[in-house]
Number of protein chains: 2
Amino acid sequence: MKKPPRISETEWDVMKICWSQPHASAQEIIDTLAAQDDWHPKTVKTLLNRLVKKRALGFKKEGRAYLYHPLVIEKECVAAESRSFLDRVFGGSLSPMLAHFVEHRKLSPTEIAELKTLLKQKETK
Amino acid sequence: MKKPPRISETEWDVMKICWSQPHASAQEIIDTLAAQDDWHPKTVKTLLNRLVKKRALGFKKEGRAYLYHPLVIEKECVAAESRSFLDRVFGGSLSPMLAHFVEHRKLSPTEIAELKTLLKQKETK
DNA sequence: TTCAGACAATTACACCTGTAATCATTACGC
DNA sequence: GCGTAATGATTACAGGTGTAATTGTCTGAA
């Protein structure tokens with residue numbers, strides 16, 4: 001269970017796509033990112049290569065094209081990044097952090113209801 | 001209201017101290033960090049200089065020593081960093097993020113109660 | 001069969017980061 | 001007054017990052 005490598009800011013965007021569409025081709029990834037973030041194709045290729053080198057992505061040649069697939073688990077990367085953020089910005093203590101987000105950002109009534117349910121489960125468990 | 005500069009991982013540790021003890025001397029900061037993080041004094045000095053250059057810290061000569069004080073507001077830095085984290089890791093959507101933390105990490109009954117109170121306030125406002 | 005176009009690999013390059021070491025200055029003890 | 005110690009300033013240096021451009025290779029069309 002090797003821990004995930006460090007994923008940079010821009011690399012996260014690429015990984016998100018790879019997690020949501022496993023086996024995406026380079027072209028698909030490039031197109032998606034060109035559309036949503038207006039990135040240059042060459043830039044995306046560089047990021048793909050770096051992620052392969054870091055062993056965050058693997059690829060398979062499928063004829064002419066490369067199909068990329070994640071080698072690291074999204075949940076684990078999210079957990080690692082969350083942990084690092086929590087430590088860095090809130091000194092590792094959870095409830096000030098949650099308070100910050102609840103206060104600073106709008107939550108729809110539905111979201112509030114969901115959270116209350118979550119808390120209730122947590123409470124009784 | 002200039003937006004805060006980007007603060008790196010190690011720089012956060014320094015800023016935390018400067019926020020909690022405004023007007024700390026270089027020596028105090030160095031000692032604190034040497035104790036808690038086992039950093040080399042030279043390393044801390046480098047970080048202080050970089051933060052001054054970034055205009056995150058200012059200083060005043062007080063005789064032989066330098067006293068550092070924050071030029072950026074903790075709340076704003078926390079907000080910027082939180083925003084960036086939320087966007088990067090959770091695609092900007094708050095409730096999956098909150099769910100992640102509530103699920104992954106232990107909350108004491110007290111913390112749960114506090115959060116419920118917060119949510120209640122949010123709800124009725 | 002050869003050339004152009006597509007796509008991958010390699011190279012570029014400036015700035016940021018972590019982690020210090022070395023240089024310069026200044027004040028204090030002798 | 002002069003040398004030494006303390007402390008601030010400058011320099012170092014190898015990765016990492018954002019953002020590509022250039023080079024190499026293979027395939028299909030003419």
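I take a cavity to be a set of grid points where a 1.4 Å probe fits but cannot get out, and its lining residues to be those with an atom within 4 Å of a point. The model I examined is predicted.

**Entry 1: the cavity**

I searched for enclosed space and counted one cavity of 30 Å³ or more. For the largest cavity I noted about 40 Å³ of space. I then listed its lining: A:L98, A:V102, A:L115 and A:L119 from chain A, with B:L98, B:V102, B:L115 and B:L119 from chain B. I recorded the lining by class as eight nonpolar residues, no polar and no charged. I also looked up the elements involved and found that α5 (94–104) and α6 (109–124) of chain A, and α5 (94–104) and α6 (109–124) of chain B, each supply at least two lining residues.

**Entry 2: DNA strand D**

I next turned to DNA strand D and found 18 residues around it, of which A:S8, A:T10, A:K42, A:T46 and A:R50 come nearest. Of the strand's atoms within 4 Å of the protein, I noted that sugar and phosphate make up 57%. I classed the surface near the strand as eight charged, seven polar and three nonpolar residues.

Both chains appear in my list of elements: α1 (9–20) and α3 (41–53) of chain A, and α2 (26–37), α3 (41–53) and β3 (65–70) of chain B, each supply at least two residues of this surface.

**Entry 3: individual contacts to strand D**

I checked polar side-chain atoms one residue at a time. For A:T10, I found such an atom 2.3 Å from a phosphate oxygen of strand D. For A:K42, the partner is a base oxygen at 3.0 Å. For A:T46, I recorded 2.5 Å to a base nitrogen.

How values were computed: Residues numbered from 1 in each chain as written. Chains lettered and ligands numbered in written order. Predicted model: local features only at pLDDT ≥ 70, side-chain atom pairs only at ≥ 80, totals over all residues. Heavy atoms only, no water. Near = heavy atom within 4 Å. Polar contact = N/O pair within 3.5 Å; in protein donor to acceptor, adjacent residues only side chain to side chain. Helix = DSSP H or I, 4+ residues; strand = E, 2+ residues; numbered from the N terminus. Nonpolar A, V, L, I, M, F, W, Y, C, P; charged D, E, K, R; others polar. 1 Å grid on protein atoms, 1.4 Å probe; cavity = no way out; pocket = protein on both sides within 12 Å on 5 of 7 lines; lining within 4 Å. Points joined across faces, edges and corners; volume = space filled by probe spheres on them.
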